[in-house]
Amino acid sequence: GFALGLRLAAAGLAVVLGSRDAARAAAAAAEIEARVPGARARGAANAEAAGAAGAVVLAVPFASQARTLADLRDTLAPGQILIDATVPLATAVGGRPTQTVAVWAGSAAQQAQALVPDGVRGVSALHTVAAASLADLDHALEEDVLVCGDRAADKQAVAGLLDRIPGLRCVDAGRLEMSRVVEQLTALMISINIRHKAHAGIRIAGLG
């Protein structure tokens, strides 16, 4: 979440960072402003942060997803887009980061959609973009973001946001149900990056 906020701030967008601890969020926002001259960033408790934006990015460990969304249930409103970057890694149950756990809803993104109020539009994205790469502003990104969602307009809105980050290209990967496939790629990329001591992403060849 911090790394994405850093890149979005560097791209000229105003960002609000949320945390269960408002002071922690404020400290993260201050760090963004220190690293990016002219950045517009502020920190707040999760509910205040989520209520301040038309698009909300959920970037938490899988073990915290349901609890976080429960805390936001009275804040999220119809018309908002929830960009879910959650991955059901087995670390949630003490397992390895190169493994995943089954999700009753089909995927973490589908679970998130089931937990938010009616009218909140779920889109999944950012599963294969390494936080370390985003956090290093000197690192030139050159990778794709696979975006899943049930409404084309919502995916286009998310692409319009993430495409502001130089080097990222959003690719429509289909309906939200395809998130169950995309989320598995995170474990694969972690395995590859551990073996090669890298922060590699993915690129889809053959697209215009």
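**Figure legends: overall fold and two pockets**

**Figure 1. Contacts and overall dimensions of the chain in the predicted model.** Of the contacts in the chain with a separation of 6 or more, 71% are between residues 24 or more positions apart. Eight helices and seven strands make up the secondary structure of the chain. The radius of gyration is 16 Å, close to the 17 Å that the globule rule gives for 208 residues, so the chain is as compact as a globular protein of that length. The C-alpha trace spans about 40 × 40 × 35 Å along its principal axes.

**Figure 2. Burial and exposed surface of the chain.** Among the 208 residues of the chain, 42% count as buried. The chain exposes about 10200 Å². Carbon and sulfur atoms supply 53% of that exposed area.

**Figure 3. The largest pocket, with a volume of about 1100 Å³.** This pocket is lined by 37 residues, and the closest to its centre are Gly1, Val16, Leu17, Gly18 and Val57. Several helices each supply at least two residues of the lining: H1 (2-10), H2 (22-35), H3 (46-51), H4 (62-71) and H7 (152-162). Strands S1 (15-19), S3 (55-58) and S4 (81-84) each supply at least two residues as well. S1 gives the most to the lining of the largest pocket, with five residues.

**Figure 4. Residue classes in the lining of the largest pocket.** The lining has 26 nonpolar residues. Seven polar and four charged residues complete the lining of the largest pocket.

**Figure 5. The second largest pocket, holding about 630 Å³ of space.** A total of 31 residues line the second largest pocket. The closest to its centre are Ala85, Leu126, His127, Val129 and Ala131. The elements that give two or more residues to this lining are H1, H4, helix H6 (131-135) and helix H8 (179-196). H8 contributes four residues, the largest share of the lining of the second largest pocket.

**Figure 6. Residue classes in the lining of the second largest pocket.** The lining of the second largest pocket divides into 23 nonpolar and eight polar residues. No charged residues are found in the lining of this second largest pocket, whereas the lining of the largest pocket has four. Helices H1 and H4 each give two or more residues to the lining of the second largest pocket, and H1 and H4 each supply at least two residues of the lining of the largest pocket.

Technical notes: Residues are numbered from 1 along each chain as its sequence is written. This is a predicted model: local features need pLDDT of at least 70, side-chain atom pairs count only at pLDDT 80 or more; totals for chains, interfaces and linings use all residues. Side-chain values use heavy atoms; hydrogens and water are left out. On a 1 Å grid over the protein atoms alone, a cavity is a set of points where a 1.4 Å probe fits but cannot get out, and a pocket is an open set with protein on both sides within 12 Å along at least five of seven lines; lining residues have an atom within 4 Å of a point. Grid points are joined across faces, edges and corners, and a volume is the space filled by probe spheres set on the points. Ala, Val, Leu, Ile, Met, Phe, Trp, Tyr, Cys and Pro count as nonpolar, Asp, Glu, Lys and Arg as charged, and the others, Gly among them, as polar. The radius of gyration is taken over C-alpha atoms; the globule rule is 2.2 Å times the number of residues to the power 0.38. Buried means under 20% relative accessible area, exposed over 50%, partly exposed in between (1.4 Å probe, protein chains only). Contact means heavy atoms within 4.5 Å. Accessible areas come from the Shrake-Rupley method with a 1.4 Å probe; for residues, only the protein chains shown count as cover.
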